[in-house]
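Colleague: Please take one part of this model and examine it closely. I should like to know how it is placed, what it packs against and which way its side chains face.

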Amino acid sequence: MTSNAARRPVPGFFLAVGIACLVAATFGGHLALGLVTFGILAACSLALVLLGRRSETYQGLTEKAPDERFARIGGWA
């Protein structure tokens, strides 16, 4: 798995939760709340996609085979 493919599930999870909140709020009669919640989670997802490329911590946590430093941190945890 490439490092790019390893980072896709995290923003995808945010979008899935946003869609679930939108559907739940719509069925509950609060469409505006659902749209706001979806917007916030979509913005978080976009931020992870755009800023995740530059964040060494995010890259180390989402790679399948992290470098030795992140492997050692994971071993201590």
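Modeller: Helices here are DSSP runs of H or I of at least four residues, strands are runs of E of at least two, and both are numbered from the N terminus. On that basis the protein chain contains 5 helices and 0 strands, in the order α-α-α-α-α along the sequence. The model is predicted, so local features need pLDDT of at least 70 and side-chain atom pairs count only at pLDDT 80 or more, whereas totals for chains, interfaces and linings use all residues. Residues are numbered from 1 along each chain as its sequence is written, and side-chain values use heavy atoms, with hydrogens and water left out.

The part I have chosen is helix α3, which runs over residues 31-51. Helix α3 comprises 21 residues, and its first and last C-alpha atoms lie 30 Å apart. That distance is close to the expected 30 Å, the expectation being 1.5 Å times one less than the number of residues.

The inward side of α3 comes next. Its buried residues (under 20% relative accessible area with a 1.4 Å probe, protein chains only; exposed is over 50%, partly exposed in between) are Gly-34, Leu-41 and Ser-45. They lie on the same side of α3, because they cover an arc of only 45° around the axis, the arc being taken from the directions between the helix axis and the C-beta atoms. For the chain as a whole, 17% of the 77 residues are buried.

What these residues meet is helix α2, residues 9-27, against which the buried residues of α3 pack. Ser-45 gives a detailed view: this member of α3 is buried at a relative accessible area of 6%. With residues up to four places away in sequence left out, Ser-45 touches Pro-11, Phe-14 and Leu-15, a contact being heavy atoms within 4.5 Å. In the chain overall, of the contacts with a separation of 6 or more, 53% are between residues 24 or more positions apart.

The partner helix can be described in the same terms. The end C-alpha atoms of α2 are 27 Å apart, which agrees with the 27 Å that its 19 residues should span at 1.5 Å a residue. Pro-11, Gly-18 and Ala-25 are buried in α2. They cover an arc of only 55° around the axis and therefore sit on the same side of α2. Pro-11 thus belongs to the buried residues of α2 and is also one of the residues that Ser-45 touches. On the face of α2 turned away from its buried side are the exposed residues Pro-9, Phe-13 and Phe-27. Gly-29 follows α2 and has a positive phi, near 85°.

The outward side of α3 completes the picture. The face turned away from the buried side of α3 carries the exposed residues Ala-32, Ile-40 and Leu-51. Ala-32, within helix α3, counts as exposed because its relative accessible area is 55%. The C-alpha atom of Ala-32 is 8.9 Å from that of Leu-22, a residue 10 positions away along the chain. Val-49, also in α3, is an intermediate case, partly exposed at 38% relative accessibility.

In summary, Gly-34, Leu-41 and Ser-45 are buried in α3 and pack against α2, while Ala-32, Ile-40 and Leu-51 are exposed on the face turned away.
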